[in-house]
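Visitor: I should like to examine how the descriptive terms applied to this model are justified. May we set each value against its criterion?

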Amino acid sequence: MFLARSRVHATLVKHSNVGRTLLSRLHARPAHAGSTPAASVTPVEKILLDTIKANGPVSFATYMQLCLSHPTEGYYMNPANSVIGALGDFITSPEISQVFGELLGIWLSLQYRSTGAKHDVQLVELGPGRGTLMDDILRTLSQFPHTWGSVKHAHLVESSPALRAVQEKKLQAWDGEHGLKLHWHDSIDDVPEADGVYTMLVAHEFFDALPFHLIEKTHQGWKEVLITSIPDPAAKTVLRPSDVLFASQPSPSPTPLSNPSHDRSLPITQTRFRPVLAAEPSPVSSLLGASSPRFSSLPIGARIEVSAASFQTSRKLGTLISRGAGGSALIIDYGKDHAVGNSFRAFKAHALADPFDAPGQADLTANVDFAYLVEALAGTATAHGPLSQRSFLLQMGIGARIAALKRAAASPDRARAVEKAAARLVDVMGMGREYKVLGVTGGVGGSAEEKWPFIAGEVQDAIQTNVKESQAARCSGSDLT
Ligand code: SAH
């Protein structure tokens with residue numbers, strides 16, 4: 001089973017003791033006599049080690065930014081990394097079933113129609129991956145003549161030249177279709193705020209890839225947890241005691257996890273980095289600690305992952321869909337309505353990996369704080385939800401759509417595959433619960449239709465659904481163990 005990136009955290013949350021052990025192991029691999037020697041230094045690792053040597057520890061944000069987006073060696077930038085799909089490192093919902101993109105397209109089209117459908121439309125996707133979601137949404141919109149005639153531009157915000165090439169190939173047939181133009185941008189800041197244009201925007205598994213800072217509440221205020229090398233070349237940092245998450249003392253054992261059956265997907269490696277708590281609060285840690293009223297009620301010792309990049313992107317998204325003729329957006333990702341401090345993880349070849357191992361050669365990700373995205377929208381657009389992916393897709397009619405696809409399937413095997421894929425998207429033990437859908441609307445509109453299915457709330461699991469959750473689909477939720 002190809003792995004969706006939400007899975008690991010669910011396992012950690014469910015078995016919190018195992019999770020703590022696993023995470024402290026992830027972040028605390030000591031240089032230790034008798035442990036497996038580290039592999040050769042990767043290009044990004046060399047840059048990080050040199051930077052730390054010259055300037056001292058770096059933030060988690062800098063670490064993540066360099067690992068994922070270094071212009072030539074970053075994980076997403078290097079064409080040697082297949083990233084998404086069977087040959088890549090993880091799988092995503094649009095790659096699992098076409099129905100995912102179809103239902104997103106229907107929701108966006110409904111929002112547009114609720115405004116009177118008088119204006120030209122620009123479609124925007126943040127982080128389009130292999131271009132599959134955009135392709136499915138365009139195909140869906142092309143089925144609605146009133147909407148389709150107005151769709152004039154599709155803007156793809158993609159920082160990776162390697163993935164842009166994949167997207168261009170996938171989407172080239174749409175370029176020029178009834179005058180539709182495709183555009184690529186490095187940043188959401190480059191998407192035009194055109195007068196009289198309605199914006200439809202999707203961001204699927206985009207926010208989880210944005211850099212975050214890890215901060216800790218102390219009696220002196222919020223301090224940043226930084227990343228240093230082993231041995232620590234910076235004299236002014238305070239190492240954390242070994243009994244907490246991100247333990248920084250060498251483990252007494254060269255193989256700290258005594259029961260590897262709990263996480264056999266995690267390779268035994270020796271990394272060159274470890275977290276350290278900064279000695280003093282900094283302007284960045286103080287600012288981020290004060291950036292949400294929710295953080296002020298957290299106890300001393302709390303650690304949270306806070307993404308300034310996510311806040312800025314969400315704010316820009318709100319502005320974009322509020323200007324011109326308004327707009328609507330769907331943000332889908334794994335995460336919760338609050339901040340967490342221990343979700344940083346890596347994926348390699350459909351398995352959990354140590355985020356400090358082989359920097360630049362594995363995917364890095366962290367859970368999204370949806371409440372933070374909503375706070376960033378204040379004064380621009382209106383947020384709806386978030387709703388679990390299961391509730392969103394069921395109430396958008398995934399059951400009826402799957403029934404139609406099964407009827408049209410060329411063989412019973414194909415029909416079973418269609419059903420199994422859809423069941424995975426709404427699996428109450430897996431993707432259906434862990435992924436959240438946040439709706440955002442700006443400008444005119446505001447009908448009940450606009451707020452469906454958010455207005456309906458979560459589907460109760462006792463309610464019968466049209467999508468049969470086969471035992472096979474349930475098993476997909478435990479594909480880590
Ligand atoms: N939405 C796709 C891909 C998710 S992977 C899917 O669900 O299949 C994350 C995507 O975001 C990749 O395309 C990656 O290259 C892109 N990305 C990551 N960080 C980015 C950034 N800062 N700016 C623009 N694109 C980014």
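Visitor: Which residues come nearest to the ligand?

Guide: In this predicted model, 18 residues surround the ligand, and Thr92, Gly127, Gly129, Glu158 and His204 come nearest.

Visitor: What makes the approach of glycine 127 to the ligand a polar contact?

Guide: A backbone N or O atom of glycine 127 lies 2.7 Å from a nitrogen atom of the ligand. A polar contact requires a pair of N or O atoms within 3.5 Å, so the pair at 2.7 Å qualifies.

Visitor: What are the distances from the ligand to polar backbone atoms of glycine 129 and serine 159?

Guide: For glycine 129, a polar backbone atom is 3.0 Å from an oxygen atom of the ligand. For serine 159, a polar backbone atom is 3.3 Å from a nitrogen atom of the ligand. The cut-off is 3.5 Å, and therefore the pair at 3.3 Å is a polar contact.

Visitor: Which residues does arginine 164 touch, leaving aside those up to four places away in sequence?

Guide: Arginine 164, placed in helix α9 (residues 161-171), touches Glu158, Trp184, His185 and Asp186. Its side chain reaches the backbone oxygen of glutamate 158 at 3.0 Å. Histidine 185 is 21 residues from arginine 164 along the chain, and their C-alpha atoms are separated by 9.7 Å.

Visitor: Why are helices α14 and α15 called roughly antiparallel?

Guide: The axes of α14 (residues 398-407) and α15 (residues 412-426) come within 9 Å and cross at roughly 165 degrees. Angles over 145 degrees count as roughly antiparallel; α14 and α15 are therefore roughly antiparallel to each other. The contact involves Ile398, Ile402, Leu405 and Lys406 of α14, together with Ala415, Val418, Glu419, Ala422 and Val426 of α15. By class, these residues comprise seven nonpolar, no polar and two charged.

Visitor: Why is α11 described as oblique to α12?

Guide: Helix α11 (residues 308-322) packs against helix α12 (residues 370-377) at an angle of about 45 degrees, with the axes 8 Å apart. Angles under 35 degrees would count as roughly parallel, and 65 to 115 as roughly perpendicular; the angle of about 45 degrees therefore makes α11 oblique to α12.

Visitor: Which residues form that contact, and how do they divide by class?

Guide: From α11 come Ser310, Phe311, Ser314, Arg315, Leu317 and Gly318, and from α12 come Tyr372, Leu373, Glu375, Ala376 and Leu377. The contact has six nonpolar, three polar and two charged residues, and α11 passes α12 in a right-handed crossing.

How values were computed: Residues numbered from 1 in each chain as written. Predicted model: local features only at pLDDT ≥ 70, side-chain atom pairs only at ≥ 80, totals over all residues. Heavy atoms only, no water. Axes fitted to C-alpha atoms, helices over the stretch in contact; angles between N-to-C directions. Helix = DSSP H or I, 4+ residues; strand = E, 2+ residues; numbered from the N terminus. Contact = heavy atoms within 4.5 Å. Nonpolar A, V, L, I, M, F, W, Y, C, P; charged D, E, K, R; others polar. Near = heavy atom within 4 Å. Polar contact = N/O pair within 3.5 Å; in protein donor to acceptor, adjacent residues only side chain to side chain. Left-handed = near helix turned anticlockwise from the far one by under 90°.
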